[in-house]
Amino acid sequence: MSSSPVRHRTVPVRVGPVTVGGDHPVVVQSMTNTDTADALRTAVQVAELARAGSEIVRITVNSEDAARAVPEIRERLDAMDLDVPLVGDFHFNGHKLLTKYPECAEALAKLRINPGNVGRGSKRDAQYQAMIETAIRFDRPVRIGVNWGSLDQELLARMMDENAQQPEPLEPQAVMEQALITSALESAAEAERIGLPHDRIILSAKVSGVQPLIRVYQDLAARCDYPLHLGLTEAGMGARGIVASTAALSVLLQQGIGDTIRISLTPEPGGDRTQEVSVAQEILQSMGLRSFLPSVVACPGCGRTSSEYFQHLAQDIQSYIRQQMPTWKQHYPGVEEMTVAVMGCVVNGPGESKHADIGISLPGTGEQPVAPVYEDGEKTVTLKGEHIAEDFQARVEAYIERRYGQAG
Ligand code: SF4
C-alpha cells in the first residue's frame, strides 16, 4: 500500500514455504499450548491456528517424548494438507534432543534458541554450537530469541560490572535493555562464526513492558539487518494483553520495524487459542499493512438506538465473514479489502454506509422502521419488516459474488 510506512531493511529468511523479512508482508505467527508429546492434540491445535490465519506455528520441544512426537505432528498436518511451517522452541536440553532425535530437527522448519537457556559456564558454548550445527546440517533457520525473564545472567553480570566502572553509570533498567540486545547480537555473530549463514537468522528480544520493548527493538533495528520477530512477552489476559501488545507493536510497525509478530495472550480458562491470531491480524489490518478479511465498521450505539438489534446484526455479520473467509479466499480474490458498515441510526448511518463498499443504516429509536442499504455509495434498496438481518446478509453475499466472483 502506498501509504504504508517504509520498512526497515532486513534480509529475507525462508521458513519452510514462508519468507520473513525483506519486502515480504509482516508474517503472523502463534504458539500452541498443548503438550507436544500428545501429537494428535498438538496437530489439531496447530491446524486450528493455521486455519485461523497463523502462517507459522511454534511448538515447545521440551522433552524426549515431545521430540519424538514432532515428526508425527508434521505428518498429521501434511495429511490435512496444511503446509504451515513448525518451529521448535528449545530450552535447557535442546542440544541433547536435537542430537538424539535428528528426525525432530528435520520435521521442523525453524529452531528457536534462547541464548539465556542454553547452559551455564563452560558448557554453554558447546551446547549452543551443537544446536547451531544441527540447524546448519538440516539447512534450517534459527530464531535467536532472548527474553528478559531468562536473560543470560553471566552476560548481565558482566555488563553491570562494566557499567559500574563508568564515570556516569546507566540506570540498571538501561543496562538490562542493553544486555538483551547484546545477547541477541553476540549470539547471532557466534552462530555465523559457527557457520550459520547470515540469511538464516531471525532475532527477537522480548520484554513485558511497552516502553522498554519499543526502545529495545528500535535499538536492535538500528544495529542489524536480521529480520525481527516482535512480541510483547507475557502480555496478559483480555483487554490488558490486547491493548498492551497493540500499543507496543503499532509504534514499532509504524516505524517500519518488525517482520513477523506474535501476540502472547493468556487465554481465559477454556478460551480459544486462536484469539491471538485474530488480534495479530487485526493489528496489521487496522494499520493498513495487510488485509485478511473484510472490515466491519459499526457505530458504538448511543441513546438514539436503544435496542440491541444493530449490535446483534454487527456481530452476526462479523462472525459470518470470519466463518466464510476460508471459502471466500478461494473464490473471491480481493474480498479481504471489502468494508461493510452496520450503523445504528440516520445521524451517521447513511454517510458511513456510503463510504463502505456495502452498508446498512438501521432505524434508530422513533425513526421510521426502514433500513436503507448502500452499495458502492449508492442507495440500492430499503429493507423493512422482520427479516432485515437475513436480507442484508443475502445482499452482502450477492455483492461479493458480483464484485469479486469470476463474473466480476
Ligand atoms: S450512528 Fe446513530 S446510533 Fe450510532 S452512535 Fe451515531 S448517533 Fe448513535
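The legends below describe close-up views of a predicted model.

**View 1. The eight-stranded sheet is open and its pairing is parallel.** From one side to the other, the strand order reads β8-β7-β6-β5-β4-β3-β11-β9. The edges are formed by β8 (201–206) and β9 (229–230), each of which pairs on one side only. Strands of a sheet pair through backbone hydrogen bonds, either parallel or antiparallel.

**View 2. Strands β6 and β7 lie side by side in the eight-stranded sheet.** Strand β6 covers residues 110–113 and strand β7 covers residues 142–147. Three bridges connect β6 and β7, and the pairing is in the parallel sense. I113 has I144 of β7 as its bridge partner.

**View 3. The second sheet shown is open and consists of five strands with mixed pairing.** Its strands follow the order β13-β14-β15-β16-β17. β13 and β17 (378–384) each have a single partner strand and stand at the edges, so each has one side without a neighbour in the sheet. On average, neighbouring strands of this sheet are turned by 15 degrees against each other, direction ignored. In a regular strand the side chains alternate between the two faces of the sheet.

**View 4. Strand β14 is joined by bridges to β13 and to β15.** β13 spans residues 295–298 and β14 spans residues 339–343; the two run parallel and are joined by four bridges. In this pair, S295 is opposite T339 of β14. Four bridges also link β14 to strand β15 (residues 358–361), again in a parallel arrangement. Here M343 stands opposite S361 of β15.

**View 5. A left-handed β-α-β unit is made by β13, α11 and β14.** The helix of this unit, α11, comprises residues 309–331. Strands β13 and β14 of the unit run parallel.

**View 6. Ten residues are found around the ligand, among them R304 and M343.** The list also includes C299, G301, C302 and T305. Further residues around the ligand are G344, C345, V347 and N348. By type, the shell divides into five nonpolar residues, four polar residues and one charged residue. M343, one of the residues around the ligand, is also the residue that stands opposite S361 in β15.

**View 7. Helices α1 and α2 cross at roughly 45 degrees.** Helix α1 runs over residues 39–52 and helix α2 over residues 64–79, and their axes come within 9 Å. The two helices are therefore oblique to each other. The crossing of α1 and α2 is right-handed.

**View 8. Helices α6 and α7 pack at an angle of about 130 degrees.** α6 consists of residues 153–165 and α7 of residues 172–194; the axes are 9 Å apart. This angle makes α6 oblique to α7. The handedness of the α6 and α7 crossing is right-handed.

**View 9. Helices α8 and α9 pack at an angle of about 25 degrees.** The helices cover residues 210–223 (α8) and residues 238–254 (α9), with their axes 9 Å apart. At this angle α8 is roughly parallel to α9, because angles under 35 degrees count as roughly parallel. α8 and α9 form a right-handed crossing.

How values were computed. Residues are numbered from 1 along each chain as its sequence is written. This is a predicted model: local features need pLDDT of at least 70, side-chain atom pairs count only at pLDDT 80 or more; totals for chains, interfaces and linings use all residues. Side-chain values use heavy atoms; hydrogens and water are left out. A residue is near a molecule or strand if one of its heavy atoms lies within 4 Å of it. Ala, Val, Leu, Ile, Met, Phe, Trp, Tyr, Cys and Pro count as nonpolar, Asp, Glu, Lys and Arg as charged, and the others, Gly among them, as polar. Two strands pair if DSSP finds at least two bridges between them. A crossover is right-handed if, with the strands pointing away from the viewer, the path from the first strand over the helix to the second runs clockwise. Axes are lines fitted to C-alpha atoms, for helices over the stretch in contact, and angles run from 0 to 180 degrees between N-to-C directions. Angles under 35 degrees count as roughly parallel, over 145 as roughly antiparallel, 65 to 115 as roughly perpendicular and the rest as oblique. A crossing is left-handed if the near helix is turned anticlockwise from the far one by less than a right angle, and right-handed if clockwise.
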